[in-house]
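Me: I should like to learn how to read the places where parts of a structure meet. Could you guide me through such a reading?

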There are 4 protein chains.
Amino acid sequence: MKPLNVGMIGYGFMGRTHSNAYSKVSHFFDLPYKPALRVICGLVEEQAKAFAEKWGFQSHTTDWRKVIEDENVDIVDICVPNNMHAEIAIAAAKAGKAIICEKPLAMNAAQAQEMVDAVEAAGVANLVSFNYRRVPAVTLAKQLIDEGRLGKIFHYRANFLQDWTISAEVPQGGDGTWRLDASVAGSGVTGDLLAHCIDTALWHNGPISSVNAMTETFIKQRLHAETGQAQKVSIDDACTFFCRFDNGSLGNFESTRYARGHKALYTFEINGEHASIRWDLHDLGRLEYFEHRDEGRVRGWRSIHVTDGDHPYMNKWWVPGLQIGYEHSFVHQVADFLTAMDAGKPCSPTFAEALETQKVCDAVLQSAAEKRWIEIGS
Amino acid sequence: MKPLNVGMIGYGFMGRTHSNAYSKVSHFFDLPYKPALRVICGLVEEQAKAFAEKWGFQSHTTDWRKVIEDENVDIVDICVPNNMHAEIAIAAAKAGKAIICEKPLAMNAAQAQEMVDAVEAAGVANLVSFNYRRVPAVTLAKQLIDEGRLGKIFHYRANFLQDWTISAEVPQGGDGTWRLDASVAGSGVTGDLLAHCIDTALWHNGPISSVNAMTETFIKQRLHAETGQAQKVSIDDACTFFCRFDNGSLGNFESTRYARGHKALYTFEINGEHASIRWDLHDLGRLEYFEHRDEGRVRGWRSIHVTDGDHPYMNKWWVPGLQIGYEHSFVHQVADFLTAMDAGKPCSPTFAEALETQKVCDAVLQSAAEKRWIEIGS
Amino acid sequence: MKPLNVGMIGYGFMGRTHSNAYSKVSHFFDLPYKPALRVICGLVEEQAKAFAEKWGFQSHTTDWRKVIEDENVDIVDICVPNNMHAEIAIAAAKAGKAIICEKPLAMNAAQAQEMVDAVEAAGVANLVSFNYRRVPAVTLAKQLIDEGRLGKIFHYRANFLQDWTISAEVPQGGDGTWRLDASVAGSGVTGDLLAHCIDTALWHNGPISSVNAMTETFIKQRLHAETGQAQKVSIDDACTFFCRFDNGSLGNFESTRYARGHKALYTFEINGEHASIRWDLHDLGRLEYFEHRDEGRVRGWRSIHVTDGDHPYMNKWWVPGLQIGYEHSFVHQVADFLTAMDAGKPCSPTFAEALETQKVCDAVLQSAAEKRWIEIGS
Amino acid sequence: MKPLNVGMIGYGFMGRTHSNAYSKVSHFFDLPYKPALRVICGLVEEQAKAFAEKWGFQSHTTDWRKVIEDENVDIVDICVPNNMHAEIAIAAAKAGKAIICEKPLAMNAAQAQEMVDAVEAAGVANLVSFNYRRVPAVTLAKQLIDEGRLGKIFHYRANFLQDWTISAEVPQGGDGTWRLDASVAGSGVTGDLLAHCIDTALWHNGPISSVNAMTETFIKQRLHAETGQAQKVSIDDACTFFCRFDNGSLGNFESTRYARGHKALYTFEINGEHASIRWDLHDLGRLEYFEHRDEGRVRGWRSIHVTDGDHPYMNKWWVPGLQIGYEHSFVHQVADFLTAMDAGKPCSPTFAEALETQKVCDAVLQSAAEKRWIEIGS
């Protein structure tokens, strides 16, 4: 097992999920590389130091350029807010680093295109962290679709419902609530939540050709988390769109942070000629599957407890019946990325694939603004 | 369609379910007989009269013997408290009437045996109203077992959980709460609720050879509903037993009226070598089915929505997806009884079959009293 | 109880649900009127006669005008295909009959307006049979909204998913499949299924101001059920739309007959500031309710088994825990209609209210055709 | 943070869950000690070496006595088959080591008593790894009970259902299937699975006073995994028992490895005067809770998604809505043990508490053998 040094930029929520993944992956997967936590970079030195100690990073810094300049760093892992992805990723690519970048890839498709160009020019391994693809039930759904079990697909439906911004007293901007500031996040639920749904949909069901969207900002003004000043809310609180896929199926997507009772309810349902599939993140270890070819009297939605050895990734973990959780999707992502790197193969979703998701997000926002159908260019 | 006159004794809850069944059955089933509501009998004349008007009975009486003496009555339907079943049924049998009797058949097995002797001597059609057999999902379970889909059966589990007697202020005795008075009901949850579970179990899984039981009376004293006097509680509030079936499988049964949150949660689960089945009365239109012979990756409990035309009884009702309810089990019972009568065949569960249930109930109560295993004689 | 004579036109699926409702309602509800089945009208005499015998209609006819001309008929109940609603209803209104009409009210809003004008001019009692309003769980949802428990509403979501037309071998037109022929049905899923969702939504959440829709016809050509000739499919197989309500909330609606695994899955979810509600027709006896004001640690979606005496309509039926089904919504409808008639009050949804639903349906179809937002005029 | 050296004995399934817990705990919890993996001990040197490399143990050995003799080892963690627990634990206690021992504590209560005596004489910190107590939903259940929310408890029901030994071709004995060999495991499902249920029940509901049990061995003979020779099966394949608790409530427990469709379905339900609780391991992140004091119309079982910051342990992990899994119960166990050790307090379940579970297991097996009620001595 070759050592592989990780330089991580960002010590927030995603910094934790990625650090955990690097720490655990070698205990469960047999990999060509053994990741080592070389350096953590963050804005506040004291916090960066504390994070380094907690997770076992060898060093810390407050200057992300030092991470990229560090010759011993093999992978740059980008866990900062969205408005900094491009600059860091392009610099890392030029420095020849492999890159894992948090989602969404960029602020918009134009910026994402530059990032794709940079990694392709540099020939570096690259991945965007759409981690839900690697929840075993979601990967199993992909297998079933690819095996043709659903037949022709008619409908793809996905929701991502949260309720954490219903109170007008939630501030915006600053460390904890940058996702409510469009100048940092790019957009609201579209880039943060629908991007996940779109990534999975493109993977499961192929390209989207046109979209028609509606967005809403329910609370028009909030206080800034740091300055305390009232400011106009710049993001989309809710976004609904329908669309057409190249394969003739219809899509229906919705995301909101105003769905009381749902914390992170990412759900999808796919209806095919022969079979249908449903999943939701709140019960992430189950896949619902309806097989029309079952005998009529005993036909029903099957609740598959995705914990058996023949389910994706599950032979690495415990024994049948025992569930894994959210964090494991990141472990699978690192395992697949390292394996692909060693084989010199791309690991999905690459920057180029995430660019397609970005194009759909852009089209969705444009459609909502212009109140009309938007065709997705390729 | 030949006319068939019904004489009903008892206008309580069960009087309503049976009257509804006779009123509806001809609208949905093609039957040899068309039932007519000839006479209703009940204790209080005014109420009997009102019931007759509401349901369209041609006449009413307060004397059950008049029902039996009425030459135009073809079926006597017994919906009175348990302590009156035997006398009425034996008289009806002697008068040559077909009989439908509410469950449990009798106060105990000895009395039930006399009733069996009477109907067999008279050669009259007879049925005990264990209506849950004819919930379509429960009938489907029977079909699946009979087709051998479960293979060897290892476990049979059933519960009947209620919560309506938790308050010490619920009275006992009298019209509405005679089920809390052992001198009228015979026993508590054993005869009222477990009798249903046992009837289904014997039907699904064959004879029980031995039982071991525990009962409890949580509230020791209650006021009488009519006299207002404090009296010792004579019934079992809760009863748990395990048992062995002749086929080698193990049974586990429980019933209580102290299970907060459950109104009428009758559930069963059957585990076989190849497949398992689950059902519960609170979602009576679904059958859960696990088929181990499904391919491993897509194996899961199937939630069968028992509303399709190929499900038992369902082609008589609406269209796929649209549910029926509790009352329909009584309609099915009448339909099957009339069909069997016309064919000169017995209709299950006959008095003789219900006697077997009574024997198990008796053994359960004896086991609890004597704190030991009891063998069931045949 | 005053007698009330029903003249029913149409003996298909809806003819059965309505006949059942009239037959049962007096057994369970105390009403000012006692409905009697006076006459059934249908196209084929033999079938009309058989239906009359099965359900106890006093007479039958093949000419609907005779029903309207019959002086003894008090209520005309219209259960024929959609393209005949207007002519019959207008004639019935002119004849001074009370009218219950199956949904959707008309082929389009213009026609519906004429029907509204007719009943209002005649001053006759009128109701459109959007029966799902009177499923107890759906009525309970309305109560909870009206009591302000949800607070400000952000989202209304509804789906009506079926799978019965996936096979290209399903014919169109004729008796059994007139719903696939736009010249008879008016439209496809929009009028047949979404009309239900829209009716409930307007009732629960108030007027819709604008819509944006997409429709699709997956199978372009089918054989006619009677002629056997191949014909272009004229209906919408699937329809998705989003919308804005006057109260500021966003709507998302979808219907299809190509959702494998769903027979009649009508679902809705409403997200409010303080609480959310979910329901689905496949488990129609449950209402899911999330109350944010519950203490944090024990907050969760409540699965309300709508069978208690304090739930809408349920004190008329059995005892807590025992479910009713699809057919009972029609019984409740008749009970409410007769009660309102006696009081001289309108019974919702009236023709005038159903006209609003029709306007939304028209706007949805127009939006899909013109690929743009459509404002709903009032 | 003080370093704390772990000596682990056993590198099987439990060796992995414990190693993972020590590896992760410091990343998520702020603890007085930082555990270091000092030495792993296992039977086969090559495997012990590979395990050490995979998990980062500093050394490995095949002689468990060396672990105990190692002065640098602070905690001895016992993950070997049950028949070796006592000897190792007693030696470790004598050597003054803190001890975490896998469950069940011993082969029987007599042996368990010796182990309790040893740790109490030595005054060493001790814990038995009944890990399910520390699934957050199970801990939440304990909180709710302790707060008196359930009021008087009437019923405690628990099942542990598996299906992995249904095939007669599963061998017994040897590395992977020692749980089927009573000379190694002590018993079958009673010690392996019911011990978990009993531990939770004693914790939630207090002492059990008497038990009445039935066991069965469905497959009488199996081949030995190593020798290939046919041998009598010595364990209980299934065990059912009911019992009385000191607090007057009734218990009903069942475990089997012949419940087709269930991999590790540990469930419990507790019915109290005011509220009820349900949980199952297959959906371990949810707790079902019924609160009778909710207003009648909106009363229902609440499905609590135990992922919020105010749920036990959950503020250490991710954000609301994101689930953790099976493995985390072991992390919580280590965190609590280290915290208690530092405070000089016992950490439940101690050896002394696990002895009570062992006594119940012994009584259950005795009851089944002697076919009679057994009182539990204190």
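The dialogue below treats contacts between domains and then between chains.

Reply: Please bear in mind that this is a predicted model.

Me: Where do the domains of chain A begin and end?

Reply: Domain 1 of chain A covers 2–132, and domain 2 covers 133–375. Taken over C-alpha atoms, the centres of these two domains of chain A are separated by 23 Å.

Me: How many residues does each domain of chain A bring to the contact?

Reply: From domain 1 of chain A come 39 residues, and from domain 2 of chain A come 40 residues.

Me: Which elements supply the side of domain 1 of chain A that touches domain 2 of chain A?

Reply: Those of chain A that each supply at least two residues are helix H1 (13–28), strand E2 (33–41), strand E5 (98–102), helix H5 (109–122) and strand E6 (126–129). H1(A) gives the most, with 8 residues. By class, this side of domain 1 has 27 nonpolar, 10 polar and 2 charged residues.

Me: How is the size of an interface often given?

Reply: It is often given as the accessible area lost when the parts come together. For the contact of chain D with chain B, one may instead consider residues: 30 come from chain D and 30 from chain B.

Me: Which element of chain D provides the largest share of the side that touches chain B?

Reply: Several strands of chain D each supply at least two residues there, including strand E7 (153–161) and strand E12 (250–256). The largest share, 4 residues, comes from E12(D). This side of chain D divides into 13 nonpolar, 11 polar and 6 charged residues.

Note on methods: Residues numbered from 1 in each chain as written. Chains lettered and ligands numbered in written order. Predicted model: local features only at pLDDT ≥ 70, side-chain atom pairs only at ≥ 80, totals over all residues. Contact = placed C-beta atoms within 7 Å. Nonpolar A, V, L, I, M, F, W, Y, C, P; charged D, E, K, R; others polar. Domains from an automatic or database assignment.
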